[in-house]
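Work through the exercises below with the structure open beside you, and try each task before you read its solution.

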Amino acid sequence: MATLEEIKADVRAELQSLRDTEGIFKQVDNARIAITDEDFEQMINDRAENIFDQQNNGYKYARRDAYPSIEDQLDEIFHNGIDSWKAIIQQVKDDNPKPSE
């Protein structure tokens, strides 16, 4: 897994290339203005932190979205037993594994 600093270096290179070729702009009072160096650094930090978060926690977000609702989980336990519920939960975990170190 990449460190935050490695990700920042990759993002910096990607955005610098875009800035050099097409420019990066922001909209202020209906005017298109080139971003400042401070804006550029903030873009790098924001994008790198998002990528780093997804790298380290993306499986958690995917699991959260894949788990059945609490109501559905309780119904599963009531109607089909705890082993059936465990199988459903295990499938979500298997489909969304933790990243390897």
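## Exercise 1: Alanine 48 and the core

Task: Find which residues alanine 48 is in contact with, leaving aside its neighbours within four places in sequence, and then place alanine 48 in the nonpolar core.

Solution: Leaving aside those neighbours within four places in sequence, alanine 48 is in contact with Leu4, Ile7, Lys8 and Val11. Bear in mind that this is a predicted model. The next step is to look at the largest nonpolar core, which has 8 residues, namely Ile7, Val11, Leu15, Ile24, Ile35, Phe40, Ile44 and Ala48. The elements that give two or more residues to this core are α1 and α2. A general tendency fits here: in soluble globular proteins, nonpolar side chains tend to be buried together.

## Exercise 2: The two faces of α1

Task: Describe helix α1, and work out where its buried residues and the exposed residues turned away from them lie.

Solution: Begin with the length, for helix α1 covers residues 4-21, has 18 residues, and reaches 26 Å from its first C-alpha to its last, close to the 26 Å expected at 1.5 Å a residue. Next, list the buried residues of α1, which are Ile7, Lys8, Val11 and Leu15. Seen down the axis of α1, these buried residues fall within an arc of 95°, so they line one face of the helix. The general reason is that an α-helix has 3.6 residues a turn, so residues three or four places apart point the same way. Then turn to the face of α1 that points away from the buried side, where you find the exposed residues Glu5, Asp10, Asp20 and Thr21. Finally, ask what covers the buried residues of α1, and you will find that the cover includes α2, residues 37-66. Just after α1, glycine 23 takes a positive phi of about 85°.

## Exercise 3: Positive phi in a loop

Task: Say where aspartate 29 and asparagine 30 lie, and decide whether each is buried or exposed.

Solution: Aspartate 29 has its place in the loop between β1 (25-28) and β2 (31-34), and asparagine 30 lies in the loop between β1 and β2. Since exposed means over 50% relative accessible area, aspartate 29 counts as exposed with its 75%, and asparagine 30 counts as exposed with its 74%. As for the backbone, aspartate 29 has a positive phi of about 50° although it is not a glycine, and asparagine 30 has a positive phi of about 60°, although it is not a glycine either.

## Exercise 4: Charges over rings

Task: Find which ring the charged end of arginine 19 sits over, and which ring face arginine 32 lies over.

Solution: The charged end of arginine 19 sits over the ring of phenylalanine 40, at 4.4 Å from its centre. Arginine 32, in turn, lies over the face of phenylalanine 25, at 3.8 Å from the ring centre.

## Exercise 5: Glutamine 73 and methionine 1

Task: Decide whether glutamine 73 is buried or exposed, and find what methionine 1 touches.

Solution: Glutamine 73 lies in helix α3, residues 70-80. Because buried means under 20% relative accessible area, glutamine 73 counts as buried at 13%. Leaving aside its neighbours within four places in sequence, glutamine 73 is in contact with Tyr67, Pro68, Trp85 and Ile89. Methionine 1, in the segment before α1, is partly exposed, with a relative accessible area of 49%. Not counting residues up to four places away in sequence, methionine 1 touches Glu6, Gln55, Asn56, Pro99 and Ser100.

How values were computed. Residues are numbered from 1 along each chain as its sequence is written. This is a predicted model: local features need pLDDT of at least 70, side-chain atom pairs count only at pLDDT 80 or more; totals for chains, interfaces and linings use all residues. Side-chain values use heavy atoms; hydrogens and water are left out. Helices (H or I, at least four residues) and strands (E, at least two) are DSSP runs, numbered from the N terminus. The expected span of a helix is 1.5 Å times one less than its number of residues. Buried means under 20% relative accessible area, exposed over 50%, partly exposed in between (1.4 Å probe, protein chains only). The arc is that of the directions from the helix axis to the C-beta atoms. Contact means heavy atoms within 4.5 Å. A nonpolar core is a set of buried Ala, Val, Leu, Ile, Met, Phe, Trp, Tyr and Cys residues joined through side-chain atoms within 4.5 Å. A charge sits over a ring if NZ of Lys or CZ of Arg is within 6 Å of the ring centre and within 35 degrees of the ring normal.
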